[in-house]
Amino acid sequence: MSEPVDLRSDTLTRPTPGMIEAMGRAPVGDDVYAEDPSIAALEARVAELLGHEAGLFCVTGSMSNLLGVRALVGPGEEVLCDRDAHIARAEMGAHGALHGITMRTWPSARGVTTVDDIASMLAPDAGPYLVSTAAVALENTHNFGGGTVQPLDHLQAVHALCRDAGVRLHLDGARLWNAHVATGVDLATYGRLFDTVSVCFSKGMGAPVGSVLVSDASTIAEARVRRKRLGGGWRQAGGLAAACAYALDHHVDRLADDHAAARAFAEEVAARAPQAIDPAAVETNIVVLDTGSRRGGDVALAAAERGVLISGLGPHMVRAVTHLGVAAEACRRAGRVVGELLGA
Ligand SMILES: *Cc1c(COP(=O)(O)O)cnc(C)c1O
């Protein structure tokens, strides 16, 4: 049997030879002493790209989100977010466990809610009996929603709502690159709508690790102290920053290929199991399939036996994610296999 087609996640990418070469060439120094030129350059570059003053290189998107939300929300205050948000479901309760922050969540269709739903939940200055809302957090693209792009006019409306209410705004932009490539909206146009933004390099960008948090200079200075407190201070990690810089140079535009491959995968599934997915709803590199009465985990197991790896993420949901490690033709083939399973 040939190699399995691995669509479990875009975190599975391996550094390319060109990236490894760039990592080896990077000038380095002790970043706790502010002496790593490669990290400093990456932080400045990402901040500028996103329309912010300063950046902070972090090991994971979870750490960037943890520090970004904490910059806006104090212990005993709340952040509002989608019920399927990464910060609510996939960060091991860190915002509560480490920072004393509570969450309330809204339901959504595929990760995108309405401004009215958010407005109805805002409770800034809630007084002595209720938890006060300090921030709202959005995710773009939305991972568990199926790689959904948050429409720009929606983001602008949420921005206006929060600004008028005195509530701050965090963006989990782990895959903001994908939203940018799918829509053509400038990264800074997205970035400027938020007080803090996190982006990831370890997903479709193909770097081994890395995330950057951006905000204004004093917020980032404070986050730098908290990062060290979490044990996240870097020493000579410039090689890792160089991998991220290489991804900015070489792996942004090619995300369009991943989006096309995801659409092709979905089309092949829909041709055999139309109830599982509407291919037109696939906006970026993530495809969430409805497995109907079948259990998601069982479908993922059956697909694995046929050489296709996907994730069972919910009782009746599986997720496939395209990335630079899998060619479009293999994604098409994988779609045929999964479609046959779900159509049978
Ligand atoms: C992957 C991801 C993160 C960060 O995950 P890490 O594994 O901690 O880097 C954050 N938000 C979203 C939406 C993600 O998909």
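Which hand, left or right, does the crossing of helix 2 and helix 11 have? In this predicted model, the crossing of the two helices is left-handed. Two packed helices are described by the angle between their axes and the distance between the axes. For helix 2 and helix 11, the angle is about 35° and the axes lie 8 Å apart. On the side of helix 2, the contact is made by S38, I39, L42, R45, V46 and L49. Helix 11 answers with G238, A241, C244, A245, L248 and D249. Sorted by class, the residues of this contact are 8 nonpolar, 2 polar and 2 charged.

Helix 11, which covers residues 238-250, has another packing partner in helix 1, residues 17-25. Here the angle is about 135°, and the axes are again 8 Å apart. An angle over 145° would count as roughly antiparallel and one from 65° to 115° as roughly perpendicular; at about 135°, helix 1 and helix 11 are therefore oblique to each other. Their crossing is right-handed. The contact brings together G18, M19, A22 and M23 of helix 1 with G239, L240, A242, A243, Y246 and A247 of helix 11. By class, 8 of these residues are nonpolar and 2 are polar, while none is charged.

A further pair to look at is helix 12 (residues 255-272) and helix 14 (residues 328-343). These helices pack at an angle of about 25°, with 7 Å between their axes. Angles under 35° count as roughly parallel, and helix 12 and helix 14 are therefore described in that way. The crossing of this pair is right-handed. Helix 12 contributes A261, A264, F265, E267, E268, V269 and R272 to the contact. The list for helix 14 includes A328, C331, R332, A334, G335 and R336, and further along the helix V338, G339, E340, L342 and G343. The residues of this contact divide into 9 nonpolar, 3 polar and 6 charged.

What about the place and surroundings of A330? This residue is in helix 14. A330 has a relative accessibility of 12% and therefore counts as buried, the cut-off being under 20%. A330 and F265 are 65 residues apart in sequence, yet their C-alpha atoms are 8.9 Å apart in space.

The nonpolar interior comes next. How many residues does the largest nonpolar core have? It has 47 residues, and helix 11 gives the most to this core, with 6 residues. Those with the most contacts inside the core are L42, V46, V136, L138, V199 and F201. Two of these names, L42 and V46, have already appeared on the helix 2 side of the contact with helix 11. V199 offers a view of the surroundings of one core residue: leaving aside residues up to four places away in sequence, V199 touches V46, L50, G173, A174, L176, W177, S211 and V212. A second, separate core has 30 residues, among them V5, V299, A302 and C331. C331 is also one of the residues through which helix 14 meets helix 12.

Some details are found in the loops. The loop between strand 5 (133-139) and helix 7 (152-165) holds N143, and T141 lies in this loop as well. The peptide bond from N140 to T141 is cis, with omega near -5°. Is N143 buried or exposed? With a relative accessible area of 6%, N143 is buried. Its contacts, not counting residues up to four places away in sequence, are with H86, R175, I286 and R319.

Two other loop residues are worth a look for their backbone angles. Phi of A34 is near 60°, a positive value in a residue other than glycine. A34 lies in the loop between helix 1 and helix 2, and at 69% relative accessibility it counts as exposed. M92 likewise has a positive phi, near 55°, and is not a glycine. Where does M92 lie? Its place is the loop between helix 4 (86-89) and helix 5 (94-99). At 75% relative accessibility, M92 counts as exposed, because the cut-off for that term is over 50%.

Note on methods: Residues numbered from 1 in each chain as written. Predicted model: local features only at pLDDT ≥ 70, side-chain atom pairs only at ≥ 80, totals over all residues. Heavy atoms only, no water. Axes fitted to C-alpha atoms, helices over the stretch in contact; angles between N-to-C directions. Helix = DSSP H or I, 4+ residues; strand = E, 2+ residues; numbered from the N terminus. Left-handed = near helix turned anticlockwise from the far one by under 90°. Contact = heavy atoms within 4.5 Å. Nonpolar A, V, L, I, M, F, W, Y, C, P; charged D, E, K, R; others polar. Core = buried A, V, L, I, M, F, W, Y, C linked by side-chain atoms within 4.5 Å. Buried < 20%, exposed > 50% of the residue type's maximum accessible area, 1.4 Å probe, protein only.
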